[in-house]
Amino acid sequence: WITAICKEDLQGKLKPSLLTKVQASGSAEGWYLGGVEGVARYSACVPEVVNLMLGLLKGGLSLVEGTRIGEDLTFPLSFYDEDAVTEVGDIALSIANFVILPQVKEMVKDEQNDLREASQMMANIYFGFIPALHGLETFVATLCSSRGDQVAATKEMRRESEEAFRNIMESPEYVSRKKGKDGEAGSLPRALLDILYEVMDLTEENVLEILCAKVDSYSANYIMMDWCPSSLGEMELVEDQATSSGGGNIDEVCKESECAREIVAFIKKMSQDSKKYMPEYLHMHLFSQVFQHAADHILQLLSCSAVSRFNLISMVQLKADMRHLKALAVKTLEDDDVDILFAGLVQVLDYLLSCAPESILDPAVKLSLYPTINNQVLGRLLCKYQEIPKDHSAIAKMPFLGKAPAKATINELSGKLLSNV
């Protein structure tokens with residue numbers, strides 16, 4: 001009954017104030033996070049919804065407490081004793097389960113959301129509603145055990161919310177599916193967690209999908225790249241590497257392309273902007289997927305029909321681009337070991353630039369150096385291979401290209417790979 005009559009009011013508090021910043025901390029009786037850093041990360045809809053929910057809960061309990069039978073006989077069931085925690089909690093759980101989280105879920109699923117809206121909803125979940133729901137559990141328990149002391153209940157609610165916020169910021173375990181066994185200390189009811197986890201997953205998927213789509217729009221510029229250059233063209237060589245004996249280190253023979261710079265600049269900006277919307281561990285989790293997606297998408301572009309041919313000069317450029325992207329990943333994720341994120345593309349590039357095409361047929365070599373390469377995919381890719389003319393200007397700058405295999409050798413190998421030999 002309470003859920004039914006308050007549904008419209010609660011829904012009305014969510015959407016309009018989604019991007020409205022939190023102003024003051026709130027009244028002495030309301031919900032807010034006052035003892036933690038970054039309290040304005042959630043938007044105004046969180047305290048507005050939670051405080052309306054508290055008001056409805058308090059009003060409903062006051063109505064029950066004041067109900068009389070006959071002239072002087074007080075209602076026989078007191079909602080303010082410890083046995084009533086379940087009954088009072090059911091009212092709060094009903095409001096959260098059947099009004100708040102379903103409405104948030106619908107907002108998250110809205111295909112019109114842009115990155116800012118999707119990120120803000122993620123912040124509202126992690127920095128707002130999860131701490132608030134933990135605080136609400138404590139509010140109900142304290143209210144009943146103290147026989148209706150709303151001041152004590154509100155104080156405990158804030159303390160629990162602030163502790164939950166700090167725990168969420170520090171560890172993903174606090175919101176993991178391992179939590180939530182009914183009756184377990186510090187957990188929320190299982191029924192509430194089921195829909196909460198669903199909403200959390202949706203917000204993460206939504207933000208990731210928008211980020212990856214943006215990255216794709218930049219990496220799509222690779223389609224216009226000259227994959228079979230007849231000259232060095234716009235390739236920026238690193239002179240001390242390119243002119244040294246043997247052509248220097250293949251990984252450092254040229255600078256990254258303009259296309260790579262645009263991708264890196266975008267991911268860097270998005271990474272910096274999104275940090276305020278999510279805990280650090282979630283930020284790293286999301287952006288590790290963004291980096292992997294960027295590399296995988298470039299490999300897909302290289303493999304698609306829009307790229308009809310390539311030579312090793314373009315692979316040298318792509319190798320430099322991956323080095324540039326990897327450097328940002330190391331800095332963003334604060335982890336030197338990010339090779340696995342780029343393995344799909346980098347192993348293909350390493351194989352092509354090794355100029356030892358038959359090595360892929362050796363199971364030991366493939367397992368050691370190229371474990372992620374799919375032979376069928378590589379076989380189709382090699383059909384696009386073009387030789388570099390012996391008098392090409394690039395060979396003077398990068399002598400290792402002189403070892404590039406002949407087209408006939410690659411065609412034969414491609415046939416073997418496609419035949420599963």
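Me: The bend at a residue is the angle between axes fitted to the seven residues ending there and the seven starting there. Where is the kink in α11 centred, and how many degrees is it about?

Reply: The kink in α11 is centred on L345 and comes to about 55°. The model is predicted, so local features need pLDDT of at least 70 and side-chain atom pairs 80 or more, while totals for chains, interfaces and linings use all residues. Residues are numbered from 1 along each chain as its sequence is written, and side-chain values use heavy atoms, without hydrogens and water.

Me: What makes the end-to-end distance of helix α11 short?

Reply: Helices here are DSSP runs (H or I, at least four residues), numbered from the N terminus. The expected span is 1.5 Å times one less than the number of residues. Helix α11, residues 339-353, has 15 residues, for which a straight helix would reach 21 Å, but its end C-alpha atoms are only 18 Å apart.

Me: Why is C355 classed as buried or exposed as it is?

Reply: Buried means under 20% relative accessible area, exposed over 50%, and partly exposed in between (1.4 Å probe, protein chains only). C355 has 17% relative accessibility and therefore counts as buried. C355 lies in the loop between α11 and α12, and its phi is positive, near 55°.

Me: And how is E334 classed, and why?

Reply: E334 has a relative accessibility of 59%, so it counts as exposed. E334 sits in the loop between α10 and α11. Its phi is also near 55°, positive in a residue other than glycine. Most residues other than glycine have a negative phi.

Me: Which residues of α11 are buried, and what covers them?

Reply: The buried residues of α11 include L341, F342, L345, V348, L349 and L352. Among the elements covering the buried residues of α11 are α9 (280-303), α10 (312-333) and α15 (407-418).

Me: How do α13 and α15 run relative to each other, and why is that term used?

Reply: Axes are lines fitted to C-alpha atoms, for helices over the stretch in contact, with angles from 0 to 180 degrees between N-to-C directions. The axes of α13 and α15 come within 8 Å and cross at roughly 150°. Angles under 35 degrees count as roughly parallel, over 145 as roughly antiparallel, 65 to 115 as roughly perpendicular and the rest as oblique. The two helices, α13 and α15, are therefore roughly antiparallel.

Me: What of α9 and α10?

Reply: α9 and α10 pack at about 175°, with axes 10 Å apart. That makes α9 roughly antiparallel to α10. Contact (heavy atoms within 4.5 Å) involves residues including F287 and F291 of α9 and L318 and M322 of α10.
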